[in-house]
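Here are my notes on this one, in the order I'd go through them. Have the viewer open while you read.

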Amino acid sequence: MFVCCFFIINLSANSYAQGVDIMSAEEAQSTFKLSERCPPSFELTADGVCLLLTQYQFYSSVQNKGLGGTRTNLPPHRDGFTPAQIDLGRYLFFDPLLSKDGSISCASCHQPDKGFSDDLDRSIGITGEKVGRSAPTLWNVAFVDKFFWDVRATTLEEQAQGPLFDALEMGNTPENLLATLLSNQHYVEMFSQAFPNVFEQGGTIELSQVYTALTAFQASLISLNSRYDRYAHGYHEALTEREIAGLNVFRSFVARCAECHQPPLFTNNEIAVIGTPEPEGRALDIGAEKTYDAPKLRGAFKVPTLRNITKSAPYMHSGRYDNLLDTVKFYNDGRGNSVPEGEDMLLHWHISEPNLTDEEMDLIVEFMGTLTDESLTPQIPSSVPSGLSVVDDKFQALNDK
Ligand code: HEC
Ligand code: HEC
C-alpha cells in the first residue's frame with residue numbers, strides 16, 4: 001500500500017514541475033493566465049479540485065498510539081480548491097496592491113525564505129511601527145483550526161480580514177480593496193477564471209472571493225517531507241543517532257515537548273498557558289484570556305507548529321528568543337520562571353521542572369532541525385497584476401535598520 005502511494009505523490013510532483021515552466025513563460029508575457037494544475041502533493045479530481053495526498057493519511061488516528069508516536073494520522077484539513085483559485089491566491093498574497101498605499105503584501109511579513117515569517121521579533125506594518133506580536137509561520141496552516149496567537153479567528157477566510165483591514169498592518173478598507181481590484185483588468189480576468197460560476201451569472205469580483213483565494217493558496221503550503229518524516233515512514237537512516245536521541249528526549253515524559261508539540265504536525269492545535277516573557281518594557285500580553293473572556297486563560301497562546309522551525313526565528317508570540325537553544329532553556333529554567341511578580345497564571349500541568357542537561361538540550365535543538373522541508377515552496381511571481389514591486393522595498397529598508 002505504501003509503495004503505491006509514494007508513486008502517486010511522485011507522479012503529481014513531476015506534472016507540476018512542467019506546470020511551473022509553462023507558468024513562467026506566461027508570466028514573461030504578462031498575461032497572468034492561472035495554472036490548470038494542482039500543486040505537488042495534490043491530485044486533481046474529476047470535479048476539477050485539488051485534494052491533498054500524504055502518506056500520513058494511511059495511518060490510523062492519533063489516539064492510543066502513545067506519546068509522540070510517529071505513525072499517526074493528520075487532523076482534518078482544508079483542501080478542495082481549484083488550481084485557478086490556488087494560483088489566484090498566490091498572486092494576491094505577493095501583491096502589495098492589497099495594502100492601503102500599495103507598500104506591503106502578505107509576503108512582506110510572511111516571506112517564503114524565512115519560513116513564511118519575517119526575521120523580526122514583532123512585524124512592521126504600513127505605518128512603520130511594530131505590531132503587537134511576531135508573525136507565525138504559514139507552513140501547514142491547512143491543518144490549523146484556530147488562528148492568531150490568541151486564537152481569535154476560526155477560519156483562514158476570517159483571519160485574512162485581520163491584516164488587510166488592521167490600521168497597523170495593511171491599513172486597507174473593504175470598499176477600497178474591492179474598488180482597487182475591480183479597476184485592474186488583469187484581476188477581473190483572473191477572478192473570472194477562478195470563480196467562473198459567479199461571472200457566468202453576470203457577477204463580478206467579491207471580497208469573499210479574495211478570502212477564498214488567499215485560503216486556497218495558504219492551504220497549499222504543505223511541509224511533510226522532512227528528514228523526520230522519512231524516519232517516521234520507516235527509513236531509520238534518515239536521522240543521525242544524535243537526532244534520534246534528540247527525538248527521544250523531546251518525546252520523553254521528562255521533557256514533555258511532544259505532549260503539546262505533537263507529531264506529525266508538532267502541535268496539538270490547542271492553546272496553553274506556559275508563561276513566556278514579554279519583550280523588555282512591554283506589558284503582559286493576556287493572549288486568549290481576551291478571546292474567550294476567561295481569566296483562567298490569562299497568558300494562554302496557541303501551541304505553534306515546530307515544522308520548519310529553524311527558518312522562522314525569532315520565537316514565541318513576543319519574538320523574545322532569537323535562537324532555539326534559548327527557547328529550550330526557557331522550558332528548562334523551571335515552571336513559572338518568567339511569570340511577572342504579582343501575576344497569577346494557571347500554568348499548564350505539562351510545564352514542569354525537567355532538569356535537562358546541556359547535552360540533552362543540544363540534542364533537542366538538533367532534533368528540531370530535522371523538521372525542515374521546503375520542497376513545496378511555491379514559485380514567487382516574477383511580476384504581479386498591479387505592476388508593483390514584488391520584493392517590497394519599504395519593508396526591506398525598515399528591516400535593515
Ligand atoms: C505587517 C505584517 C503582516 C502582514 C502584512 C500580514 N501578516 Fe499575517 N500575521 C502577522 C502577525 C504579526 C500575525 C500574528 C498576529 C497575532 O497573533 O495577533 C499574523 C498571523 C497570520 C496568520 C495566522 C497563523 C496562525 O497559525 O495562527 C495567518 C494565516 C496570516 N497571518 C496570513 C496573512 C495573510 C493571508 C496576509 C495578507 C492578507 C497577512 N497575513 C499579512 C503579520 C502580518
Ligand atoms: C504545555 C504545552 C507545551 C509544552 C509541554 C511545550 N510547549 Fe513549546 N510552546 C507551547 C506554546 C503555547 C508556545 C507559544 C508560547 C508563546 O508564544 O508565548 C510554544 C512555543 C514553542 C516554540 C517557539 C515556536 C515559534 O514558532 O515561535 C518552540 C521552539 C517550542 N515551543 C519548543 C518546545 C520544546 C523543545 C518543548 C519541550 C522542552 C516544548 N516546547 C514544550 C506549548 C508547549
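How many helices and strands are there in the chain?

1. The chain has 15 helices and four strands, taken as DSSP runs (H or I of at least four residues for helices, E of at least two for strands) and numbered from the N terminus. Keep in mind that this is a predicted model, where local features need pLDDT of at least 70, side-chain atom pairs count only at pLDDT 80 or more, and totals for chains, interfaces and linings use all residues. Residues are numbered from 1 along each chain as its sequence is written, while chains are lettered from A and ligands numbered from 1 in the order in which they are written.

2. Of the 401 residues, 42% are buried (20 or more other C-beta atoms within 10 Å of a residue's own, with C-beta atoms placed from the backbone).

3. Now the largest nonpolar core (buried Ala, Val, Leu, Ile, Met, Phe, Trp, Tyr and Cys residues joined through C-beta atoms within 7 Å). It holds 72 residues, and Leu 88 and Ile 364 touch the most other members. Helix 2 (residues 83–94) gives the most to this core, seven residues.

4. Leaving aside neighbours within four places in sequence, Ile 364 is in contact with Gly 246, Val 249, Phe 250, Ala 255 and Val 328 (contact: C-beta atoms, placed from the backbone, within 7 Å). Another core lies apart, with 14 residues including Cys 260 and Met 345.

5. Back to helix 2: Ala 84, Gln 85, Leu 88 and Tyr 91 on its side meet Met 190, Phe 191, Gln 193 and Ala 194 of helix 6.

Definitions and conventions. Buried ≥ 20, exposed ≤ 12 C-beta atoms within 10 Å, placed from the backbone. Contact = placed C-beta atoms within 7 Å.
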